[in-house]
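Visitor: Could you take me through the reasoning behind some of the labels used for this model?

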Amino acid sequence: MCIAVEAEDNLYVTKNFLLTHNSAAADKIKKMSLGDISLIPMSYRVQGHIYGLGNIRAGRRVRDIVLVFLPRNGLITNMFIHREPYNELIAFKALDRMYTIVDRMNELQLPERAANWPQIAKDAGPGCWYCPFFKPGTKDDLPDATGCPGNTDANSNMEKSLKEWGGLL
Ligand code: SF4
C-alpha cells in the first residue's frame, strides 16, 4: 500500500480528501504533470465523485477528490496527483444515468424479450474496450442478445455530458 489511507493521522484523511489510485503509462503521466489534464479519463473522475457521495452518506466529510496516477513503467516517485473539489451533482447525474437504463430495461422486459435489445441506446466511450458485453460488428451496429457494438470514440457522449453538467472542466 503506497499511502496509508486508513491511518487516523493521515494527511489526506484529515484534510477530507478522498483518494483513488489508478495506473497509467509513464509518458502519459508526464504529459498530465505538464498540465494536460484532458488526458485524465472522465470515468475515473466520475468514479471519484461517486466514492465521495458514498463516503458522505457513510458519515465522513469529503472536500476534494484526489486521483493518484501511478506509472505502469518507471518510478513511483513519478506519480501524478490530480485534485478537484467534490461535486455531488456529478455523482447524482452518473447514478441517475444508470437507473434510467435500468428503468428502460424493465419497460422493454429485458433480457427476456431479446428482440428489444436494439432499443437500448449504446452511449459510452473508450471504456467499451473493457466492457464484458463489448462485441463489435453486431447487426446494424446495434446491441443485441449477443453483445453491444459499443462506442469507442474518444470524444464520447459521456464526456460531452460532463461538460454540459459544468462540474469538471
Ligand atoms: S460496449 Fe455497450 S454496454 Fe458496454 S460500455 Fe460500451 S456502450 Fe455500454
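Guide: What follows sets computed values against their definitions.

This is a predicted model, in which local features need pLDDT of at least 70, side-chain atom pairs count only at pLDDT 80 or more, and totals for chains, interfaces and linings use all residues. Residues are numbered from 1 along each chain as its sequence is written.

Visitor: Why is H3 called roughly perpendicular to H4?

Guide: Helix H3 (residues 42-57) and helix H4 (residues 88-107) pack at an angle of about 100 degrees, with axes 8 Å apart. Angles of 65 to 115 degrees count as roughly perpendicular, so H3 is roughly perpendicular to H4.

Visitor: Which residues of H3 meet H4?

Guide: Taking contact to mean C-beta atoms, placed from the backbone, within 7 Å, Val46, His49, Ile50, Gly52 and Leu53 in H3 meet Glu88, Ile90, Ala91 and Ala94 in H4.

Visitor: What makes Gln109 exposed, and what is Asp141 by the count of its neighbours?

Guide: A residue is buried if 20 or more other C-beta atoms lie within 10 Å of its own, exposed if 12 or fewer, and partly exposed in between, with C-beta atoms placed from the backbone. Gln109 has 10 such atoms and is therefore exposed, whereas Asp141, with 13 C-beta neighbours inside 10 Å, counts as partly exposed.

Visitor: What is the phi of Gln109 and of Asp141?

Guide: Although Gln109 is not a glycine, its phi is positive, at about 55 degrees, and Asp141, also not a glycine, has a positive phi of about 60 degrees.

Definitions and conventions. Axes fitted to C-alpha atoms, helices over the stretch in contact; angles between N-to-C directions. Helix = DSSP H or I, 4+ residues; strand = E, 2+ residues; numbered from the N terminus. Parallel < 35°, antiparallel > 145°, perpendicular 65-115°, else oblique. Contact = placed C-beta atoms within 7 Å.
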